Amino acid sequence: MKNIFSILLVLLAVTFSAYATKSPDRNNDGQHTKTLVAFFSAQGHTKAAAGKVAAVTGGDLFEIVPVNIYTEEDLDGWNESARGTHESKDRTTRPEVANKVDGFEKYDTIFLGFPIWWFTAPTIINTFLEQYDTEGKVIIPFATSGGSEYGDTENDLRVSAPKAIFKPGKVLNGMDESQINDWIGNLK
């Protein structure tokens, strides 16, 4: 009986050790970290993806809300004068964000979600990043897209968080929690 108990303790220790090194809420030293899943969603697609990322990571969910909500006309990608088109093509625009993350400093890892507009993130994501000290924070972008590819998204975001550590982002269209877990598990 004593041997069985010893074997169970060893198995438990091995299992815990594996969890400690692979869990998204731990750093490379096995120490607990805090994860934020921040997202901007103009039509609900990115919000759904963010919910899945939060479920997989156990991260705190935060919706980035614009001061001026985007209308369907603002999001008409075929209209050169539409607000979303203009903001995506003029990377200096900074739409105002109506809310802030309480205790942003406690987060080590930020999964950052948004729709792809004209091959990049909307500039409200730059506004969001510029509100905080992101030095040394790990930022992992994720997106949804109606057709545009990921493009220069990470370069466009690095401008607003130059001292952050960016991990490769991904478009999560149609991915379930298992697929998102695989993507997160393969991040280097």
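The largest nonpolar core of this predicted model holds 29 residues, and the ones with the most contacts inside it are Ile-64, Leu-112, Ile-125 and Phe-128. Two or more residues of this core come from each of β1 (35–39), β3, α4 and β4. Helix α4 is the biggest giver, with four residues. A good place to stand and look around is Leu-112. Leaving out residues up to four places away in sequence, Leu-112 touches Ala-38, Ile-64, Ile-125, Phe-128, Leu-129, Ile-139, Ile-140, Pro-141 and Phe-142. Apart from this core there is another one, made of 16 residues, including Phe-111, Ile-140, Met-175 and Ile-184.

Let's move on to the aromatic rings. A pair of aromatic rings is described by how far apart the centres are and by the angle between the planes. With rings counted as paired when their centres lie within 6.5 Å, the model has eight aromatic pairs. Take Phe-104 and Phe-128: their ring centres are 6.5 Å apart and their planes stand at 80 degrees; an angle over 60 counts as edge-to-face, so that is what this pair is. Phe-104 sits in the loop between α3 (83–89) and β3 (109–115), while Phe-128 belongs to helix α4 (residues 123–130), so the pair ties together parts that are 24 residues apart in sequence. Both Phe-104 and Phe-128 are buried.

Phe-104 has a second partner in Tyr-132. Here the ring centres are 4.1 Å apart and the planes are at 20 degrees; planes under 30 degrees apart count as stacked, so this pair is stacked. Tyr-132 is in the loop between α4 and β4 (138–144) and Phe-104 in the loop between α3 and β3, so this pair ties together parts that are 28 residues apart in sequence. Like Phe-104, Tyr-132 is buried. Step back, and you can see that ring pairs link Phe-62, Phe-104, Phe-128 and Tyr-132 into a cluster.

Charges meet rings here too. The ring of Tyr-132 has the charged end of Lys-100 over it, 5.3 Å from the ring centre. Elsewhere, Arg-83 lies over the face of Tyr-70, at 3.6 Å from the centre of that ring.

Now return to helix α4, this time for a polar residue: Asn-126 is found there. Asn-126 has a relative accessibility of 1%, and buried means under 20%, so this residue counts as buried. Its side chain reaches the backbone oxygen of Asp-156 at 2.9 Å. Setting aside neighbours within four places in sequence, the residues in contact with Asn-126 are Arg-91, Arg-94, Asp-156, Leu-157 and Ser-160.

Asp-90 is also worth a look, in the loop between α3 and β3. Its relative accessible area is 26%, which makes Asp-90 partly exposed, because that class runs from 20% to 50%. The side chains of Asp-90 and Thr-92 are joined by a polar contact of 2.5 Å. Asp-90 and Thr-123 are 33 residues apart along the chain, yet their C-alpha atoms are separated by 8.5 Å.

Finally, a word on confidence. The protein chain averages a pLDDT of 85, and 82% of the residues score at least 70. Over residues 3–31, however, the pLDDT is below 50, although this stretch has 19 contacts in the model beyond near neighbours in sequence. Where pLDDT is low, the predicted coordinates should not be read in detail.

Terms used:
Residues are numbered from 1 along each chain as its sequence is written. Side-chain values use heavy atoms; hydrogens and water are left out. Rings of Phe, Tyr and Trp (its six-membered ring) pair if their centres lie within 6.5 Å; planes under 30 degrees apart count as stacked, over 60 as edge-to-face and the rest as tilted. Buried means under 20% relative accessible area, exposed over 50%, partly exposed in between (1.4 Å probe, protein chains only). A charge sits over a ring if NZ of Lys or CZ of Arg is within 6 Å of the ring centre and within 35 degrees of the ring normal. A polar contact is a pair of N or O atoms within 3.5 Å; within protein, one must be able to donate a hydrogen and the other to accept it, and residues adjacent in sequence count only if both atoms are side-chain atoms. Contact means heavy atoms within 4.5 Å. pLDDT is the predictor's confidence in each residue, from 0 to 100. A nonpolar core is a set of buried Ala, Val, Leu, Ile, Met, Phe, Trp, Tyr and Cys residues joined through side-chain atoms within 4.5 Å.
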